[in-house]
Amino acid sequence: MEGLRAALGAAGLDDAERLAADFASLVPGSYVERTSPEVAAADLLEVRALLGGSGGAMAAGGAVATDGAASSEPGAVARRMSVQPDPDPGAGMFRFRLYGRQPIVLSSFLPVLESFGLTVVEAVPHHLRSADGHTVVFLDDFGLRARLW
């Protein structure tokens, strides 16, 4: 958690210590094992934006408050995404991270990635859960490689 606090502080967030503690309470152990502090800081910013930016924030104890402004269309599912380098630069891969309030259906989403000429090497789901066990955000981490024709 110290690395996450430092990464958030480097990003210029005044309340880095509280944000790091709140975010750490949401993520599963598998996330901590696989994610560097810098990527976790980027994830935290994406989750905050998904939950409504300044209007939605992670509260003490892992609870999440949101103003419901994550989507402007009725029935639309809000999603955010980011691209990160793969931790192993020799693998020739990169990471595509998808954040949402609803789970992604892999059989519908993987063909979209493949239509862009990408090979999906792995998909790692992380469920960020509140203190009471409810899933707050679904974070899907895809290991991708460009397909060589």
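## Group meeting talk: helices, a sheet and two cores

Let me begin at a single residue, Gly12, which comes just after helix α1 and takes a positive phi of about 85°. From there I will work outwards, and please keep in mind throughout that this is a predicted model.

How far can we trust it? The protein chain averages a pLDDT of 83, and 83% of the residues score at least 70. The confidence is not even along the chain, however: among the elements, strand β4, residues 94-100, has the highest mean pLDDT, at 96, while strand β2, residues 64-65, has the lowest, at 40. Over residues 59-71 the pLDDT stays under 50, although the model has 31 contacts there beyond four places in sequence. Where pLDDT is low, the predicted coordinates should not be read in detail, and I will leave that stretch aside.

Now the overall plan. The secondary structure of the protein chain comes to five helices and six strands, and if you follow the elements from the N terminus on, you read α-α-α-α-β-β-β-β-α-β-β. The protein chain has 149 residues, of which 36% count as buried. If we take the contacts between residues at least 6 apart in sequence, 57% of them join residues at least 24 apart.

Let us return to α1, which spans residues 2-10, and ask which of its residues are buried. They are Leu4, Ala7 and Leu8. These three cover an arc of only 100° around the axis, which puts them on the same side of α1. On the face turned away from that buried side we find the exposed residues Glu2 and Ala10. As for what covers the buried residues of α1, the list includes α2, residues 16-26, and α4, residues 37-50. Leu4 shows this at the level of single residues: not counting residues up to four places away in sequence, Leu4 touches Ala20, Phe23, Pro37, Ala40 and Ala41.

The next topic is the sheet. Four strands form an open sheet in the order β3-β4-β6-β5, and the pairing is antiparallel. Its edge strands are β3, residues 79-85, and β5, residues 118-129, each of which pairs on one side only. From one strand to the next, the twist averages 20°. As a reminder, strands of a sheet pair through backbone hydrogen bonds, either parallel or antiparallel.

We can walk across this sheet from one edge to the other. Seven bridges join β3 to β4, and here Gln84 has Arg95 in β4 as its bridge partner. Strand β4 then pairs with β6 over seven bridges, again in the antiparallel sense, and Arg95 stands opposite Gly143 in β6. Finally, 11 bridges join β5 to β6, the strand of residues 135-146, with Val120 partnered by Leu144 in β6. Helix α4 packs on the sheet, touching β3, β4, β5 and β6, and its direction makes about 165° with that of β3. Helix α2 lies across β5 and β6, running at about 105° to β5. How well covered is β4? Mostly covered, since we find six of its seven residues buried.

That brings us to the nonpolar cores. In soluble globular proteins, nonpolar side chains tend to be buried together. The largest core in this model has 22 residues, of which Leu4, Leu8, Phe23, Val47, Leu128 and Val137 touch the most other members. The elements that give two or more residues to this core are α1, α2, α4 and β6. Apart from this core lies another, of seven residues, among them Leu98, Leu113, Leu118 and Phe142.

I will finish with one loop residue, Pro103, which lies between β4 and α5, the helix of residues 106-115. Is Pro103 buried, exposed or partly exposed? Its relative accessibility is 44%, and because buried means under 20% and exposed means over 50%, Pro103 counts as partly exposed. Leaving aside its neighbours within four places in sequence, Pro103 is in contact with Arg79 and Phe138. Pro103 and Leu139 are 36 residues apart in sequence, and their C-alpha atoms are 8.4 Å apart in space.

Technical notes:
Residues are numbered from 1 along each chain as its sequence is written. This is a predicted model: local features need pLDDT of at least 70, side-chain atom pairs count only at pLDDT 80 or more; totals for chains, interfaces and linings use all residues. Side-chain values use heavy atoms; hydrogens and water are left out. Buried means under 20% relative accessible area, exposed over 50%, partly exposed in between (1.4 Å probe, protein chains only). The arc is that of the directions from the helix axis to the C-beta atoms. Contact means heavy atoms within 4.5 Å. pLDDT is the predictor's confidence in each residue, from 0 to 100. Two strands pair if DSSP finds at least two bridges between them. Axes are lines fitted to C-alpha atoms, for helices over the stretch in contact, and angles run from 0 to 180 degrees between N-to-C directions. A nonpolar core is a set of buried Ala, Val, Leu, Ile, Met, Phe, Trp, Tyr and Cys residues joined through side-chain atoms within 4.5 Å.
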